[in-house]
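The following paragraphs explain a protein structure to a reader who has not met it before. Please keep the sequence and the model in view while reading.

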Amino acid sequence: MRTARARSAPVGLPNRDTEEFTCRLYEGVEYTAYWDEEARRRTDALERAIVGGLLPSGGQRLLDVGCGFGRLSQAYADRFRQTVMLDGSMSMLRQARDNTSGRHIYIAADVMRMPLRAGVADAALFVRVFHHLEDSGGCLAELRRVLSEGGRLVLSYANKRSAVRLAKWAARSASHPYHPRHPQPMPVGHGSTFYYHHPSFVASALEGARFRPLPGNDAGLPDAVPGFLGPLGRPTGAGLALAGILGRAHASFWVYTGADARGGTPMPRCESTTDLLQCPSCGHEVVAETDGYACRPCGRFYPIVDGIADFRLPEGPAGDGGAEPS
């Protein structure tokens, strides 16, 4: 699936109005600049508190899918024995590696084809990523595959029926906010890779992917607004209470929800990083080599670059990027 190719390295957010692959949307983007404002720093703190409250208190292995530059790592620091940070952007992963002192496993990959064995994690974080993906059911199925039985997914989505969307619909500048069908893209001019989701659609999609949504635990965040709310925008007390109210009412722009995997694969025994991995192209096991991982059945080689395993696959004609068969 193609999305926008930035003509130059944008500062803050990617340029979504031109062509590129979804998993590489943030390649070369100075995403830290987006958060380098006082209002957004407070939003960031409140978001980390929300995420920390939805994640389990501990476990064997966490996947931070779409980890970016490691912004949310403080929300799960020291809770899990092992953390895998996965993103489609090598530039983001280099920053994540530096921001987390290289303590974790860093993998460049597409969320639709993660190079991970079934059931290798007991928790997965998927924040500010879901709204970029057209195939909602496919990405949830892939997240479900890599979670072990009872594993926790923490997901955020851009809310189609938020108060802001309702106001825009009243002004006839947005699609109907109460229609739960597959989300409509943002209007022309905002790009083609930002999708709003109706809460009922998300609940149904989670059920369809064999997740059990956690009732009454949704939290809401009106994006940059917490920076202007004083005590109501802080990551304690009144701020978290307001987030709970906004989430349960589905009135906020961003909604954070938790869901547990139903049934599935017990967590396999993994003695090394290689034991976690599989070829994203053919699904077979990979073999560790000096400078990367090799898949014998399909002949592909996935290099390790700057401590990051690059498992991205070409999504177009040869030369578009990703590892080629050796």
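Helix 2, in this predicted model, runs through residues 38-54. Its 17 residues, at 1.5 Å a residue, should span 24 Å, and the C-alpha atoms at its ends are 25 Å apart, which agrees. Many positions of helix 2 are listed as buried, including Ala 39, Arg 40, Thr 43, Asp 44, Leu 46, Ile 50, Val 51 and Leu 54. The elements that cover the buried residues of helix 2 include two helices, helix 1 (31-35) and helix 7 (238-248). Strand 6, strand 7, strand 9 (219-221) and strand 10 also contribute to this cover.

One residue of helix 2 deserves a separate look, namely Glu 47. Is Glu 47 buried or exposed? Its relative accessibility is 0%, and because buried means under 20%, Glu 47 counts as buried. Beyond its neighbours up to four places away in sequence, Glu 47 touches Trp 35, Arg 71, Leu 72, Val 127, Arg 128, Leu 221 and Tyr 256.

The view can now widen to the whole chain. The protein chain has eight helices and 14 strands. Of its 326 residues, 52% are buried. When contacts between residues at least 6 apart in sequence are considered, 63% join residues at least 24 apart. The chain exposes about 13,800 Å², of which carbon and sulfur atoms supply 51%.

The interior contains a largest nonpolar core of 44 residues. Ile 107, Leu 116, Phe 126, Leu 140, Leu 153 and Phe 311 have the most contacts inside this core. At least two core residues come from each of several elements, among them strand 3 (59-65), strand 4 (80-87), strand 5 (105-108), helix 4 (136-146) and helix 6 (199-208). Which residues does Phe 311 contact, leaving aside its neighbours within four places in sequence? They include Ile 107, Ala 108, Ala 109, Pro 115, Leu 277, Val 286, Tyr 293 and Tyr 302. A second, separate core has 31 residues, and Met 85, Ala 123, Val 154 and Tyr 196 are among them.

Strand 7 offers a contrasting position, Gly 150. With a relative accessibility of 44%, Gly 150 counts as partly exposed, since this class lies between 20% and 50%. Apart from residues up to four places away in sequence, Gly 150 touches Asp 260, Ala 261 and Gly 263. The C-alpha atom of Gly 150 is separated by 8.2 Å from that of Gly 264, although the two residues are 114 residues apart along the chain.

Terms used:
Residues are numbered from 1 along each chain as its sequence is written. This is a predicted model: local features need pLDDT of at least 70, side-chain atom pairs count only at pLDDT 80 or more; totals for chains, interfaces and linings use all residues. Side-chain values use heavy atoms; hydrogens and water are left out. A nonpolar core is a set of buried Ala, Val, Leu, Ile, Met, Phe, Trp, Tyr and Cys residues joined through side-chain atoms within 4.5 Å. Buried means under 20% relative accessible area, exposed over 50%, partly exposed in between (1.4 Å probe, protein chains only). Helices (H or I, at least four residues) and strands (E, at least two) are DSSP runs, numbered from the N terminus. Contact means heavy atoms within 4.5 Å. Accessible areas come from the Shrake-Rupley method with a 1.4 Å probe; for residues, only the protein chains shown count as cover. The expected span of a helix is 1.5 Å times one less than its number of residues.
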